[in-house]
Amino acid sequence: MSALPNCPACQSEFTYEDGSLYVCPECAHEWSKDGAAATEAEEARVVRDANGNLLQDGDSVTVIKDLKVKGSSLVVKVGTKVKNIRLVDGDHDIDCKIDGIGQMGLKSEFVKKA
């Protein structure tokens with residue numbers, strides 16, 4: 001059995017080969033077999049809104065769907081404008097503060113750039 005390298009991101013030993021890449025099933029990190037360091041452009045995270053526009057830290061967005069706030073009876077209504085967003089890693093890739101609700105995370109698929 002050939003020894004595959006551990007994942008450089010999470011140190012998982014369960015990596016596998018996929019064409020010319022190694023893939024980690026635990027954190028979904030992919031890297032080149034030849035060991036070349038990834039460029040900064042490859043590592044940069046790209047977050048797009050529902051219309052495909054590129055989002056950046058500090059942008060303003062508008063909610064395009066009523067969103068229930070988990071754990072409460074509050075709802076973020078369609079058309080709610082959110083200012084000064086912050087992009088983060090994870091399932092909910094936007095951190096923001098919404099007036100009347102407070103700090104929360106949003107998915108980029110439910111917002112459009114204002």
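In this predicted model, the side chains of Lys-113 and Asp-59 meet in a salt bridge, with 3.5 Å from N to O. Lys-113 belongs to strand β11 (residues 111-113), whereas Asp-59 sits in the loop between α1 and β4, so this pair ties together parts that are 54 residues apart in sequence. The two partners can also be described by their accessibility. Lys-113 counts as partly exposed because its relative accessibility is 34%, while Asp-59 counts as buried because its value of 14% falls under the 20% cut-off.

The surroundings of Asp-59 are worth a second look. The loop that holds this residue runs between α1 (40-43) and β4 (61-63). A polar atom of the Asp-59 side chain lies 2.8 Å from the backbone nitrogen of Gln-56. Which residues does Asp-59 contact, leaving aside its neighbours within four places in sequence? They are Leu-54, Val-82, Lys-83, Asn-84, Ile-85 and Lys-113, the last of these being the salt-bridge partner already met.

The structure holds three salt bridges. Side chains of opposite charge can pair when their charged atoms come close. One such pair is Asp-95 with Arg-86, whose closest N and O atoms are 3.0 Å apart. Arg-86, at 45% relative accessibility, counts as partly exposed. Another pair is Asp-91 with Lys-107, where the closest N and O atoms are 3.4 Å apart. Asp-91 is located in the loop between β8 and β9, and Lys-107 in the loop between β10 and β11, so the pair ties together parts that are 16 residues apart in sequence. Here Asp-91 counts as exposed because its relative accessibility reaches 55%, over the 50% cut-off, and Lys-107 counts as partly exposed at 25%.

These last two bridges lead to the sheet. Three strands make up an open sheet in the order β8-β9-β10, with antiparallel pairing. At its edges are β8 (86-87) and β10 (102-106), each of which pairs on one side only. Strands of a sheet pair through backbone hydrogen bonds, either parallel or antiparallel. How many bridges join β8 and β9? Two bridges link them, in the antiparallel sense, and Arg-86 stands opposite Asp-95 in β9. The residues that face each other across these strands are thus also the partners of a salt bridge. Strand β9 (residues 94-98) and β10 pair over five bridges, again in the antiparallel sense; there, the bridge partner of Ile-94 is Leu-106 in β10.

Both connections within the sheet are hairpins. Six residues lie between β8 and β9, and Gly-90 in that turn has a positive phi of about 125 degrees. Three residues lie between β9 and β10, where Gly-100 in the turn has a positive phi of about 85 degrees. In a regular strand the side chains alternate between the two faces of the sheet. In β9, Ile-94, Cys-96 and Ile-98 form a covered face, and Asp-95 and Lys-97 an uncovered one.

How far the prediction can be trusted is given by its pLDDT. The mean over the chain is 87, and 89% of its residues reach 70 or more. Confidence is highest in β4, at 97, and lowest in α1, at a mean of 46. Over residues 36-42 the pLDDT is below 50, and this stretch has one contact in the model beyond near neighbours in sequence.

Key:
Residues numbered from 1 in each chain as written. Predicted model: local features only at pLDDT ≥ 70, side-chain atom pairs only at ≥ 80, totals over all residues. Heavy atoms only, no water. Helix = DSSP H or I, 4+ residues; strand = E, 2+ residues; numbered from the N terminus. Polar contact = N/O pair within 3.5 Å; in protein donor to acceptor, adjacent residues only side chain to side chain. Contact = heavy atoms within 4.5 Å. pLDDT = per-residue confidence, 0-100. Pairing = 2+ DSSP bridges. Salt bridge = Lys/Arg side-chain N within 4 Å of Asp/Glu carboxyl O. Buried < 20%, exposed > 50% of the residue type's maximum accessible area, 1.4 Å probe, protein only.
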